[in-house]
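User: I'm new to this structure and would like a close look at one part of it. Could you walk me through the largest pocket, along with the sheet that helps to line it?

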Amino acid sequence: MNLNRKSETMNDIKRIAINTGGGDAPGLNAVIHAAVHAARNHGWEIFGIRDGFDGLLRPENYPDGGLMKLTRPLVRNIAHLGGTILGTSNYGNPFRLRVPQPDGSFREIDRSDELVRSFREHRLDALISIGGDGSLTIARDLNKKGLRVIGVPKTIDNDLESTMTTFGFDSAVSFATECIDRLHFTAESHRRVMVVEVMGRYAGWIALHAGIAGRADAILIPEIPYDIAKVAAHIKHKTAGRDRQYSIVVVAEGAKPLGGGVKLKEAASAGHVERLGGVGEIVADRLRELTGKETRAVVLGHLLRGGQPTSLDRSLGLVFGAAAVRALVEGHDGVMVALNPPRIDYVSLKVATAKLKLVAADDYGVMTARTLDISFGDAPVSSISTYVMGRRET
Ligand code: F6P
């Protein structure tokens, strides 16, 4: 699918900007590295905007300038590094910028027109915006205001539609799997139930894939509300014999009990979405009550975002960075580069941000987990492997 908009003025590019928005993800620096090399190959100048859009919106905070001129020597050795050399922000939506008030509260103001003006003043002909759902929605809206924009899909949560995967996801799943592998030893030694909370606000992709790879006994994800009694019954059943007397439960931070809501850490406030966290501890407490087993909860949180990208995420970052420049060269505008093997597609930002990619009931990961007797807390105990076929084994 190549839903794209082509600009009439594709040959007038001389200077472009690149920014990283929202939560960081391993692979950001690889995108920057590739975009700089590709842009320089076309003779373009390329500038990094510091901290989301802050470099342009709050230049007074940057004595050395809110724009960083990016050269090949500057980005030579960054492709393998975690984080982002540009900095990022979760509070930098120019349409809803958070402004502190004298009473300690915040209000939102729209500085998007000013931002577009600032692009013009700096003679920036286009923006490569690397972000997840939130940042790409901002990119889409800036594009509507006349800014030439190419989006690059980033998020450890892998919840962006229109691309087979986002960079950052593989690094997060790999690290979560390694942590679960470690927890097997301590869980087995103490015959405990270990509950591992991973990121995944709306989508359970990290929990699902790390849970399968790490051979968890239960995986709780936002898409499948869980019944804690069913999780407990599953654990009791699986630990009843002598062969395995411990359990591992992987919980996405956005997992919800049947009929209940997510566990908030901080409510949404001006210019910022709510923060989730704490469901792992709740699940561990309930499982202790219901199974009588010792339980412990571990929150992996931002460890999943840190660290170096896996080789897959590094190469995906390079692929996307190069493709973003190619998109500009080919005259595209208002599109996101998307992985659709064997091709890279250009998908309109409107389509790319229309809805999140959630785990479907018939996703191969879900089917695999059920077949391997991993509970989602929604099926009766010991019927998991036959659940798919709709009959119960005796
Ligand atoms: O979007 C990625 C993500 O990792 C979510 O899973 C999580 O809810 C969020 O970032 C946390 O972001 P922060 O702590 O930076 O606000």
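Analyst: Here's a walk from the sheet to the pocket, with a short stop at the second largest pocket at the end. Keep in mind that this is a predicted model.

Let's start with the sheet. Seven strands make it up, and the sheet is open, running in the order β4-β3-β2-β7-β8-β16-β17 with mixed pairing. At its edges stand β4 (67–69) and β17 (343–348); each has a single partner strand, so one side of each is left without a neighbour in the sheet. If you compare neighbouring strands and ignore direction, they are turned by 30° against each other on average.

Now zoom in on β2, residues 15–20. This strand pairs with β3, residues 45–49, in the parallel sense, and four bridges join the two. You can find one spot to look at in Ile-18, which stands opposite Gly-48 in β3. As a general point, strands of a sheet pair through backbone hydrogen bonds, either parallel or antiparallel.

Next comes a helix. α5 (residues 133–144) packs on the sheet, where it touches β7 (126–131), β8 (149–153) and β16 (335–340). The direction of α5 makes about 160° with that of β7.

That brings us to the pocket itself. The largest pocket has a volume of about 1200 Å³, and 47 residues line it. If you want to find its centre, look for Gly-22, Gly-23, Asn-90, Arg-201 and Val-273, the lining residues that lie nearest to it. And here the sheet and helix come back: β2, β7 and α5 each supply at least two residues of the lining, as do β9 (193–198) and β13 (275–276). The largest share is from α5, with six residues. As for the kinds of residue, the lining divides into 21 polar, 13 nonpolar and 13 charged.

For contrast, take the second largest pocket, with a volume of about 360 Å³. Its lining has 19 residues, and nearest its centre are Asn-158, Met-164, Thr-165, Phe-169 and Tyr-364. Here helices α6 (169–190), α7 (205–213) and α10 (311–329) each supply at least two lining residues, and α10 gives the most, with five. By kind, the lining of this second largest pocket splits into nine nonpolar, six polar and four charged residues.

So much for the tour; to pick up the thread again in the viewer, begin at α5, which packs on the sheet and gives the largest share of the lining of the largest pocket.

Terms used:
Residues are numbered from 1 along each chain as its sequence is written. This is a predicted model: local features need pLDDT of at least 70, side-chain atom pairs count only at pLDDT 80 or more; totals for chains, interfaces and linings use all residues. Side-chain values use heavy atoms; hydrogens and water are left out. Two strands pair if DSSP finds at least two bridges between them. Axes are lines fitted to C-alpha atoms, for helices over the stretch in contact, and angles run from 0 to 180 degrees between N-to-C directions. Contact means heavy atoms within 4.5 Å. On a 1 Å grid over the protein atoms alone, a cavity is a set of points where a 1.4 Å probe fits but cannot get out, and a pocket is an open set with protein on both sides within 12 Å along at least five of seven lines; lining residues have an atom within 4 Å of a point. Grid points are joined across faces, edges and corners, and a volume is the space filled by probe spheres set on the points. Ala, Val, Leu, Ile, Met, Phe, Trp, Tyr, Cys and Pro count as nonpolar, Asp, Glu, Lys and Arg as charged, and the others, Gly among them, as polar.
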